[in-house]
Amino acid sequence: MRSRGTTTPHKSRRRAAAALSALILGASLAVAAPGQASAAARVDNPYVGATAYVNPDWSAKAAAEPGGAAIADEPSFVWMDRIAAIDGTPGARGLRAHLDTAVSQGADLFQVVIYNLPGRDCAALASNGELGPTELDRYKNDYVDPIAEILGDPAYASLRIVTLIEPDSLPNLVTNAGGTAGSTPECATMKANGNYEKGIGYALHTLGAIPNVYNYVDAAHHGWLGWDSNFVPAAEQFKKAATTEGATVTDVHGFIVNTANYSALKEPHFAVTDSVNGTTVRQSRWVDWNYYVDELSFAQALRTEMVRQGFASDLGMLIDTARNGWGGSDRPAGPGPRTGVDAYVDGGRTDRRIHAGNWCNQSGAGIGERPTTAPEPGIDAYVWAKPPGESDGSSEPVDNDEGKGFDRMCDPTYTGNGRNGFNLTGALPDSPVAGHWFSGQFQELLRNAHPPLD
Ligand code: BGC
């Protein structure tokens, strides 16, 4: 267990309801399967007191890298990124095998990403996925249902199972589905056919019926939803999906920000409220009128907004800190000069991306905070959702049978699109297909770790 600090104790109706259903299920299990562990009541923060599963497949790859042993025993999420991943693919064990290994490890928390929506990744190509825009039935029957059957097996009732629901999908409906520079016809299609919302509602409802599952919905990052024109519309979009296809807000345990992204956890050398010679940092080129400059402030504000939208008052947030460390020799030691607002922000910011819309295999990035329980108010945990060393996408087209396309945001020579303000991509060269091991990036992440590695 890597616990730091304590959670604020919350009491809620939801907890009482969860306890009741667990009691009923526990009772029926006791009859149906004597001797097997019964499901425990859902707790406010599943990470408290829990030892999380370390994926041995990822761990072996990390440990085989020079210096990788420093982080090879950290827990990270297992990605169910296609139907075949459920049974296992060459080099990656299936869901049951992961869960069995978790039980034999003595872990009591398991983290899994649900990532296979119809028309997936509508504003990018690197992780387009296997299901076409209209294949909602396959998503439900061949993907969500088999996963639910496995997660609901009494053999895993002693595990707290954290699910990360569908990275990037609902945020794409908010900002990239029409009327903006970054919009794509693919996102407009998914908004019009409602299959992201229906798929997510179905997943929340189906997985939320399992008493030891804790659903966390993906909520992008501050550099995506931090503007007021996106923030409340996104919250409303999350609410809409969470009340579709039988789901209710009680199926959502919390939200996760910065999944597989690089936004800094805390910018220590400037605040959004600072100004330089009478000009607010919101007007700097980097901040560009955003209301947030880092993930912790964004996550806490989003939590407040989601409660206001009707989600449980004890909602918990997760932050993916796998790759947002921004340490190493180029990390600024203090604020930039007050000669102008851009000099001040650019001289002091630790996130050294060319543009906050850059997302693929970022040059200069480092390992971030190690997974930590209840680090700050409202935050259930810092987690590693994207396993460090796994590529975000290939820097050139590569044939594959995983539904992975070629997105030029992964090509270091590309000069960008409307979603990154037509800037260079900042991607590392020579990267493999999304999800495949990328030794060069792993080494870069180790070099630039912040906090530094022990
Ligand atoms: C890829 C998945 C992979 C995941 C974790 C995603 O970008 O599309 O195939 O499992 O990253 O590395």
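This dialogue walks through a ligand site, a helix pair and two backbone features of a predicted model.

Colleague: What should I know about the numbering and the model before I start?

Modeller: Residues are numbered from 1 along each chain as its sequence is written. The model is predicted, so local features need pLDDT of at least 70 and side-chain atom pairs count only at pLDDT 80 or more, while totals for chains, interfaces and linings use all residues, and side-chain values use heavy atoms, with hydrogens and water left out.

Colleague: Which residues are around the ligand?

Modeller: A residue is near a molecule if one of its heavy atoms lies within 4 Å of it. Here the residues around the ligand are Trp-79, Asp-81, Tyr-115, Ser-127, Lys-386, Glu-390, Lys-404, Ala-434 and Gly-435.

Colleague: Which side chains have an N or O atom paired with an oxygen atom of the ligand?

Modeller: A polar contact is a pair of N or O atoms within 3.5 Å. An oxygen atom of the ligand is 2.4 Å from such an atom in the side chain of Asp-81, with corresponding values of 2.6 Å for Ser-127 and 2.8 Å for Lys-386. The protein covers 92% of the 310 Å² of accessible area that the ligand has on its own, where areas come from the Shrake-Rupley method with a 1.4 Å probe.

Colleague: How do helices α8 and α10 cross?

Modeller: Helices are DSSP runs of H or I with at least four residues, numbered from the N terminus, and axes are lines fitted to C-alpha atoms over the stretch in contact, with angles from 0 to 180 degrees between N-to-C directions. The axes of α8 (residues 195–208) and α10 (residues 228–241) come within 8 Å and cross at roughly 60°. That makes α8 oblique to α10, because angles under 35 degrees count as roughly parallel, over 145 as roughly antiparallel, 65 to 115 as roughly perpendicular and the rest as oblique.

Colleague: Where is the cis peptide bond?

Modeller: The bond from His-450 to Pro-451 is cis, with omega near -5°, and Pro-451 is found in the segment after α13 (439–447).

How values were computed
A polar contact is a pair of N or O atoms within 3.5 Å; within protein, one must be able to donate a hydrogen and the other to accept it, and residues adjacent in sequence count only if both atoms are side-chain atoms. Helices (H or I, at least four residues) and strands (E, at least two) are DSSP runs, numbered from the N terminus.
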